[in-house]
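Colleague: Please take one part of this model and go through it closely. Start with the packing inside, and explain each term as you go.

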There are 2 protein chains.
Amino acid sequence: MKRITIKDVAQRAGVSSAAVSYVLNGREHKVSADTLSKIKKAIAELNYIPDYSARSLANNKSNLIGVVIPQTEDQSQLLLENPFYCELICGIEAKLRQSGYHMILSGVNKGEGYLDVSMQRNLDGAIIMGIYQESFYEDLKKVNIPIVLIDSYINDNYFKRIGIDDELGGYMATTHLIENGHQNIALVTGTIRKDGVVEKRFLGYKRSLKEHGLFYNPDYVFEGSVSYDHGVESGRAIASDRRGITAVFATGDLVAFGVIAGLSENGVKVPEDISVIGFDDISLSKMFVPRLTTVRQDIVTRGSAAAQCLIDSIEGKEDVETELTLPIELVVRDTVKRI
Amino acid sequence: MKRITIKDVAQRAGVSSAAVSYVLNGREHKVSADTLSKIKKAIAELNYIPDYSARSLANNKSNLIGVVIPQTEDQSQLLLENPFYCELICGIEAKLRQSGYHMILSGVNKGEGYLDVSMQRNLDGAIIMGIYQESFYEDLKKVNIPIVLIDSYINDNYFKRIGIDDELGGYMATTHLIENGHQNIALVTGTIRKDGVVEKRFLGYKRSLKEHGLFYNPDYVFEGSVSYDHGVESGRAIASDRRGITAVFATGDLVAFGVIAGLSENGVKVPEDISVIGFDDISLSKMFVPRLTTVRQDIVTRGSAAAQCLIDSIEGKEDVETELTLPIELVVRDTVKRI
DNA sequence: TTGTAGGCGTTATCAG
DNA sequence: CTGATAACGCCTACAA
C-alpha cells in the first residue's frame, strides 16, 4: 500500500501542502471555507493517514508515552504477574488512547537507564512505576519531558506523583487488626527501601503499634519480595513457629494470598487460627476464597489519573498538581477474626 | 538537553556524516580502521543517541511492534483482568526488547480498525490477540507488514499463527472428566464464535462425548463471556438446578474460578459435589484453593514464540513457519473427583 | 488567503 | 574509502 502523503492530498484538492497541513492541525481559520471543504474531501477520498515519524521529526512531538514497569530479577520479564500493574496499565492505556497518544510499554534492562528510549523515541512523557536507583532519575530529568511517578516517594519537584497515603494505609490495616483484639502482628512485605511505598506502609504499621501501646518486634517482620512466593514462604515459617502471632499484615494482596496458602498448607486456618489483612484490593481479591480483608485503592482510577496528569503537563495546562493523593479505604471481608 | 545529531558526531570525529551512518548500521567494513575508531570515540564522548523517528522516515523501519489485545465491551479497557493476556505480554515484551524492538500496546476502538495505527507509526509488524470481524483482517493485510495472530483460526496464509490444538485440549479435558466417571458434563464458556479458540474447545468437548457414547445436551452449555463473572453466574445456575450435572468443563481458568465461586456460594462443594476442570493454567491456578485441574499451555513461551516468529519475518529469515502449534498437557490437581 | 522553501535527523546513492 | 546530496513526510516562517 503506497503511502498517501500530504502532497497527494494537496494535489488532489488543487491547493498547496501548507493549506492541508493547516487543516490537519486545526488551524482551519487560516483557510477559506471553500479550500477547507476541498481538502476535507480529498483527505477522505484518498484515505490519508499522517506519518507520525515525520511529524515527530518536524515537531518534536511524538504522541508517544513511555510506561515502565518493574520486572523480575532473573528473567527480565515484566512484573505483570502482579495484577496491580495490570490494572494500572488498563487505566493508563484507556486514557492515553482516548486522548490520542500511544503507549510504549517496557521494562528497563538491568544496568541501563531509560534515557536512551526517551531520546530515541522522542517520548512526549513517561510514567514510571516502581523505584530505581538515583542515577535513573537524574538521567530522566536530563531528557526534560514531563514524568509521572507511581509508587515512589522521591522528593523532587521535577516529577509529578500520583500516590496514596501509604503510611496511613499501613496504619489503618494494623489498627484494624488491633481493634479486633490482635496484639502479636506479623508484617510480611517486600524489600523495605527508602522512599518506597513499602517503607511507608511499614512506618504506618509501627506507628499504629506504638499508639496502641504495643511493642514493635523485628522478629515479626518477614521482608522479601512483593510476590506470592514470598508470601507462601512466610506463611510456612509462621505456621511452623507461631511465636504467638495471631495476625498478619501483608503489604500487598498477592503476598497475602501467598501467606494464606503457606498457612493452610500446614493446617493453619484463616481466619480461624490466624487473621490476615492485605493491601491494594486487586480485582482478584474478590475472587479469592476466603474473601480478603484489605486496604482498598482504586488502581484503575489511579492509572487514568496518572495518564491525565501527564497529558495535562504535556499540553501545557497551567494548574497541573505536582502531587495527587488518591483516597483509600478499609474493606472488611472474611479474613480477619475478632479475638 | 539539546539533541546530538549524527552531524555533531561527524564533525567531532572530523569525518562525514555518511561515515558515521555506516558504522551506526554495522557496515563498518566500508570504513577504515582509523576513521572507525575516531567515530566510535566521538559517539561515546558525545553520548550520541539516534533518533528513531528520523530513521523511520528515511528507512521505513521503525523497530516498533504493535500488540493488540481485546478489551471490555463497556469501558474500552484492556482485558488485562485476564492473566492469560498478561502472561502473553510478558513473553512478548521480553523477547522484543532483547531484540531491539519496542512494543506499542493497545486495544482497538470499537468500530475502528488497526490500519491507522499501523500506518501512523510505521509499524514493522504486529501481534494480534483475540478475534475480530473480517474487515479488520482485510485492512491489516493492506498495510503489508508481517502479522502474527494469537487465538485465531482465520484461514489465511498471509498471517502467521502461534497456537495450540484447542480442539484436542477440549477433548482432553472432557475425556479426563469422563474417565473419572462423569457423564453429565456442563460446558461453561465464552461466546462460541466461528474461527475462535472457544469454538475448537467446544468441538473437542463434543467429540469426546460422542466417542464415549454420551449424548451432547445443549442445555448443559452455558455460553457467555470469557470472564470470572460469567463463571459465577453459571455456577449459581448450576447450583440451583443441578439437572444431574456432576462436572463442569470451563474453557478458561478464570471462568473456572468463577464457577467454583458460584457453586460454593450456594453450598455446592468442589470437587466433592461437582468436579471442575479449566483451561490455560494461568499462574493464578497454582495459588487458588482448591488447586485447579486444568489443561496447561505455556503462555509466556507462547508470547515469546510469537515475538520471535514476527521478528524472523521482519528480518527476512527464510524458514519462518507460518503456523506453529505449541504442546499442551493435562495438569491433574484437586478439582476433579472420581465418581 | 495561499504558496514557496527550508529544515527536522537519518539513510542511501553516486561521484570523487 | 570518503563525502556531498537528495530523498523520507511534515511543519512553519515568510513571502506573495
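Modeller: The largest nonpolar core has 154 residues. A nonpolar core is a set of buried Ala, Val, Leu, Ile, Met, Phe, Trp, Tyr and Cys residues joined through side-chain atoms within 4.5 Å. Buried means under 20% relative accessible area, exposed over 50%, and partly exposed in between, with a 1.4 Å probe and protein chains only. The model is predicted, so local features need pLDDT of at least 70 and side-chain atom pairs count only at pLDDT 80 or more, while totals for chains, interfaces and linings use all residues. Residues are numbered from 1 along each chain as its sequence is written, chains are lettered from A and ligands numbered from 1 in the order in which they are written, and side-chain values use heavy atoms, without hydrogens and water.

The residues with the most contacts inside this core are Leu80, Leu105 and Val276 of chain A and Leu80, Leu105 and Val276 of chain B. Contact means heavy atoms within 4.5 Å. Beyond residues up to four places away in sequence, Leu105(A) touches Val67(A), Ile69(A), Leu78(A) and Ile89(A), and from chain B Ile89(B), Glu93(B), Met103(B) and Leu105(B). A second, separate core has 42 residues, including Leu64(A), Ile104(A), Leu115(A) and Leu123(A).

Next comes a polar residue, Asn63(A), in the loop between helix 4 and strand 1 (64-68) of chain A. Helices (H or I, at least four residues) and strands (E, at least two) are DSSP runs, numbered from the N terminus. Asn63(A) counts as buried because its relative accessibility is 17%. Its side chain makes a polar contact with the side chain of Lys61(A) at 3.0 Å. A polar contact is a pair of N or O atoms within 3.5 Å; within protein, one must be able to donate a hydrogen and the other to accept it, and residues adjacent in sequence count only if both atoms are side-chain atoms. The side chain of Asn63(A) also reaches the backbone oxygen of Gly100(A) at 2.9 Å. Leaving aside neighbours within four places in sequence, Asn63(A) is in contact with residues that include Tyr52(A), Asp124(A) and Arg121(B).

Last is DNA strand D. A polar side-chain atom of Arg27(A) lies 2.6 Å from one of the strand's phosphate oxygens. Two pairs involve bases: a polar backbone atom of Ala54(A) is 3.4 Å from a base nitrogen of DNA strand D, and a backbone N or O atom of Ala58(B) is 3.3 Å from a base oxygen of that strand.
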